[in-house]
Amino acid sequence: MAQDRSFRSSGTSRTPSRRRLLRLAGGGLALVALTAGTVACDEGAVDAEDAGSTGGEQPKDDDTKRVDGATGGDGKAPKPLWTKTTSAETYGDNDELVVAGGVVLASGSPLAALDTATGRQKWSLPGGTVPGAPLLLGKDTLYLASGQYDGSVTGYDPATGKETWRSHLGKGYRQPQPIAVDEKQVYVIAEILQDDGSSKTNVIAALDSTTGRIAWKEQRDLGTVQNGIHAAVRGRHLVYTDFKKNLTVRDTATGGQVWTQKTTKTNYGFFAVHEDLVIVPQGRNLQAFDLADGKRKWSLEASEFALFKEPAVLEDVLYIADSTRTLRAIDPPTGKLLWQSTALADAELQVPRQYVKVGDTLYGATDLDKNGGVIAMDAKTGDVRWTFNDGTGDHHAWLVASDGERVLALHGTQLHALPV
């Protein structure tokens, strides 16, 4: 049985924020006292609603504000098209705000789907989301760990909220959480239960995305953890990290471990993938490894006291900033620097930790509120165009997503739709 042989830590040399530690640990905290139950199909679990209907929850005048045609002038942030108070309960991870099927969803309880154009609620899921589990999109399906803690993984149509798929690992496992999805399978990690209800090990498994049947499952080594996971799939390669100093790749067809290697300093397990490469920030070094064999393909070094932050590959360009607030655009296959900018430092802005791109504008979301928020930058130069901040002083990280026509920005429980 293939196993993870080495450990990695997802932290950098900076002290992790309390919020981030809660986010990474959250998936396990709520599960300690629970054991896997039986599958319970609740036909009434989703309360679906048409945008123009009178049933269901409607936005209230005091929690939804709409400004038609509002745009900002030169150097000024545009006014939100609408702002909505949501049920969001996020901890700052990138997969807690997603857009699909014309709706935007923010992780919380209940899980509410809002129309991206109007902010009106389209449907809600009373059970909500599991702390630490992602909102996972694939095959036009939203995959969620069960908010009922019954050991199931469920798929929904994001446009309507109707359940379309369900799977269950079995009674010997506690609360499987989906971590990645491709055209054929949903990949999950779950604790392996002992007779007394405790757990010392966990399992990684693949579930058939058509039938829900288990395609394969592999026990991971003692000492590995099932929360704080970041994962991605490329072809026959499933790559993932967790709290431990591990970068692991498995064969998606068999579950067999292709390779694993110990890393040094990483940014809470965040990495980027492009074609056949996985790109990992490790303190001053940014390194790219071949998914097939783990061989290093290129490496880029930051200045002496700089640490690389979270990376993102958007439209075949790798964007990454460092702790000196220098932003770089890099060619992923070669590691060649396309450009670098000190515009963030010049404007005394925070470093983005998440990015989306619409047209020729790169939008970055920062970790904390002061001197941060959503930063709009020229995708070809890194120059700062404007910064949006709601002025609440909320300590939550900002999150961004886009439907191509709007940028959706979440800050605490406030969700803003910004024109692009």
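Student: What percentage of the 420 residues of the protein counts as buried?
Tutor: This is a predicted model, in which local features need pLDDT of at least 70 and side-chain atom pairs count only at pLDDT 80 or more, while totals for chains, interfaces and linings use all residues. Residues are numbered from 1 along each chain as its sequence is written, and side-chain values use heavy atoms, with hydrogens and water left out. Buried means under 20% relative accessible area, exposed over 50%, and partly exposed in between, with a 1.4 Å probe and protein chains only. Of the 420 residues, the buried share is 56%.

Student: How many strands does the protein have?
Tutor: Helices (H or I, at least four residues) and strands (E, at least two) are DSSP runs, numbered from the N terminus. Beside two helices, the protein has 36 strands.

Student: Which strands stand at the edges of the open sheet β22-β23-β24-β25?
Tutor: The sheet has four strands in that order, with antiparallel pairing; two strands pair if DSSP finds at least two bridges between them. Each edge strand has a single partner strand, so one side of each is left without a neighbour in the sheet. The edge strands are β22 (272-274) and β25 (296-301).

Student: Which residue in β23 is the bridge partner of His274?
Tutor: β22 pairs with β23 (residues 277-282) in the antiparallel sense, over three bridges. In β23, the partner of His274 is Leu277.

Student: How many aromatic pairs are there?
Tutor: Rings of Phe, Tyr and Trp (its six-membered ring) pair if their centres lie within 6.5 Å; planes under 30 degrees apart count as stacked, over 60 as edge-to-face and the rest as tilted. By this rule, the number of aromatic pairs is six.

Student: Why is the pair of Tyr143 and Trp165 edge-to-face, stacked or tilted?
Tutor: The ring centres of Tyr143 and Trp165 are 5.3 Å apart. Tyr143 is buried at 1% relative accessibility, and Trp165 is buried at 7%. Tyr143 lies in β10 (residues 141-145) and Trp165 in β12 (residues 163-168), so the pair ties together parts 22 residues apart in sequence. The planes stand at 85 degrees, so the pair is edge-to-face.

Student: What is the angle between the planes of Tyr319 and Trp339?
Tutor: Tyr319 lies in β27 (residues 317-321) and Trp339 in β29 (residues 336-341), so their pair ties together parts 20 residues apart in sequence. Tyr319 is buried at 2% relative accessible area, and Trp339 is buried at 13%. Their pair is tilted, with 6.3 Å from centre to centre and a plane angle of 50 degrees.
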